[in-house]
Amino acid sequence: MRRAMIVCHSQTEAFSCLRMLEGAGVSAVLRKPPRAKQDNACAWGVRIRAADLMTAQRRMQEKNFMPIRVYTFDDENGG
């Protein structure tokens, strides 16, 4: 399954992003991003389904929320 990770500056910011996305109907999970995708040790990510990425980006734009980065990947477990 394709997933997307929204990388935030801190755990607090990632939790705010998670709540904001869930308010828009996007199911999300708080996770640490892989080391290769981190800008600093404080970075945290919000993982969503890649199919929900357009909705998430629209919501983040509406709320003027600027993450560090957004990327997509294949889920390791296949689902």
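In the predicted model, Thr55 is partly exposed, with a relative accessible area of 28%. This residue belongs to helix α2. When residues up to four places away in sequence are not counted, Thr55 touches Ala24 and Val26. Along the chain, Thr55 and Val26 are 29 residues apart, yet their C-alpha atoms are separated by 7.5 Å.

Helix α2 spans residues 53-62, and its buried residues are Leu53, Ala56 and Met60. These residues cover an arc of only 60° around the axis, which places them on the same side of α2. The other side of α2 carries the exposed residues Met54, Gln61 and Glu62. The packing partners of the buried residues of α2 are strand β1, helix α1 (11-23), strand β3 (44-49) and strand β4. After α2 comes Asn64, which has a positive phi, near 55°.

The loop between β3 and α2 contains Asp52. Asp52 is buried, its relative accessible area being 13%, a value under the 20% that marks the limit for burial. Neighbours within four places in sequence aside, Asp52 is in contact with Val26 and Ser27. Val26 therefore appears in the contacts of Asp52 as well as in those of Thr55, if the cut-off of heavy atoms within 4.5 Å is applied. Asp52 also forms a salt bridge with Arg49, in which the closest N and O atoms are 3.3 Å apart. In contrast to the buried Asp52, Arg49 counts as partly exposed, at 39% relative accessibility.

Side chains of opposite charge can pair when their charged atoms come close. The structure holds 2 salt bridges. Besides the pair formed by Asp52 and Arg49, a salt bridge joins the side chains of Asp74 and Arg2, with an N to O distance of 3.2 Å. Asp74 lies in strand β4 (residues 69-74) and Arg2 in strand β1 (residues 2-8), so this pair ties together parts that are 72 residues apart in sequence. Arg2 is partly exposed, with a relative accessible area of 40%.

The strands β1 and β4, which contribute the residues of this salt bridge, run antiparallel and are joined by 6 bridges. Within this pairing, Ile6 has Val70 in β4 as its bridge partner. Both strands belong to an open sheet of 4 strands, in which the order is β2-β3-β1-β4 and the pairing is antiparallel. The edges of the sheet are formed by β2 (29-31) and β4; each has a single partner strand, so one side of each is left without a neighbour in the sheet. From one strand to the next, the twist averages 30°.

Helix α1 lies across β1, β2 and β3 and runs at about 25° to β3. Strands β1 and β3 are thus crossed by α1, and α1, β1 and β3 are also among the elements against which the buried residues of α2 pack. Strand β4, at an edge of the sheet, is likewise one of the elements packed against by the buried residues of α2, and is joined to β1 through the salt bridge of Asp74 with Arg2.

Conventions. Residues are numbered from 1 along each chain as its sequence is written. This is a predicted model: local features need pLDDT of at least 70, side-chain atom pairs count only at pLDDT 80 or more; totals for chains, interfaces and linings use all residues. Side-chain values use heavy atoms; hydrogens and water are left out. A salt bridge is a side-chain nitrogen of Lys or Arg within 4 Å of a carboxyl oxygen of Asp or Glu. Helices (H or I, at least four residues) and strands (E, at least two) are DSSP runs, numbered from the N terminus. Buried means under 20% relative accessible area, exposed over 50%, partly exposed in between (1.4 Å probe, protein chains only). The arc is that of the directions from the helix axis to the C-beta atoms. Two strands pair if DSSP finds at least two bridges between them. Axes are lines fitted to C-alpha atoms, for helices over the stretch in contact, and angles run from 0 to 180 degrees between N-to-C directions.
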